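Trainee: Before we discuss the fold, could you bring the model up so that we can go through it step by step?

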Amino acid sequence: MKKILKIAAVLTLCWLAFGAYVLTKPVIALHYAAEAAGPVVYFLNRDDHILKEQIHPGEVRKFRIPRNPKPNYYIDVSLPFSSNDGVELKPPFSRVDVYIGANAKIVRTVVHTDFWARIGAD
């Protein structure tokens, strides 16, 4: 019985360490205005890895990026089909909040550099 408890304790600690590692990576959050008429298509280009998705009114999408990116690493968020707005981000940062207004334009970008901004971001 003691052996089972030790194994359970070790597995729990491993799981907590893994969770802490994942949850403390830098975050990019897209916030879309709740009063918007419909979804908008966005592109998220993370160092030439392009993601194309929709975000719906009132929705928040969060993306974790590598903890120690390459020196020339960049992130580009764009809305090519609705407004051609975009923002290019380069680390270091802890959390970036990109706010998309009801008219499908990027209205504000807030960059946080303190470590604690990424904790609890999910």
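Trainee: What radius of gyration does the protein chain have, against that of a compact globule of 122 residues?

Mentor: The radius of gyration is taken over C-alpha atoms, and the globule rule is 2.2 Å times the number of residues to the power 0.38. For 122 residues in a compact globule that value would be near 14 Å, whereas the protein chain has 18 Å.

Trainee: What should I keep in mind about how these values were obtained?

Mentor: This is a predicted model, in which local features need pLDDT of at least 70 and side-chain atom pairs count only at pLDDT 80 or more, while totals for chains, interfaces and linings use all residues. Residues are numbered from 1 along each chain as its sequence is written, and side-chain values use heavy atoms, with hydrogens and water left out.

Trainee: Which secondary structure elements does the protein chain hold, and in what order do they run from the N terminus?

Mentor: Helices (H or I, at least four residues) and strands (E, at least two) are DSSP runs, numbered from the N terminus. By that count the protein chain has one helix and eight strands. From the N terminus on, the order is α-β-β-β-β-β-β-β-β.

Trainee: What is the strand order of the open sheet with mixed pairing?

Mentor: Two strands pair if DSSP finds at least two bridges between them. Strand β1 (residues 27–32) and β7 pair in the parallel sense over six bridges, and β7 is joined to β8 (residues 106–112) by six bridges in the antiparallel sense. This open sheet of four strands, with mixed pairing, has the order β4-β1-β7-β8. Because β4 (60–64) and β8 each have a single partner strand, one side of each is left without a neighbour in the sheet, and the edge strands are therefore β4 and β8.

Trainee: Which residue in β8 is the bridge partner of R95?

Mentor: On the side of the parallel partner, V27 stands opposite R95 in β7, and H31 stands opposite Y99 in β7. Strands β7 and β8 form a hairpin with five residues between them, where A104 in the turn has a positive phi of about 60°. Across to β8, the bridge partner of R95 is H112.

Trainee: How many of the six residues of β7 are buried?

Mentor: Buried means under 20% relative accessible area, exposed over 50%, and partly exposed in between (1.4 Å probe, protein chains only). Over the protein chain, 35% of the 122 residues count as buried. Strand β7 (residues 95–100) is mostly covered, and the number of its residues that are buried is five.

Trainee: Which strands are at the edges of the open sheet with antiparallel pairing?

Mentor: That sheet has four strands in the order β3-β2-β5-β6. Within it, four bridges join β2 (residues 40–46) to β5 (residues 75–79), and F43 stands opposite S78 in β5. The strands that pair on one side only, and so are called edge strands, are β3 (49–55) and β6 (85–89).

Trainee: Which residues are joined into one network by salt bridges that share partners?

Mentor: A salt bridge is a side-chain nitrogen of Lys or Arg within 4 Å of a carboxyl oxygen of Asp or Glu, and a search of the whole structure finds five. The side chains of R61 and E53 meet at 2.5 Å, N to O, and E59 forms a salt bridge with R61 in which the closest N and O atoms are 2.9 Å apart. E59 counts as partly exposed because its relative accessibility is 22%. The residues in the shared network are E53, E59 and R61.

Trainee: Is K90 buried or exposed?

Mentor: The side chain of K90 meets that of E88 in a salt bridge of 3.8 Å, N to O. Because its relative accessibility is 52%, K90 counts as exposed.
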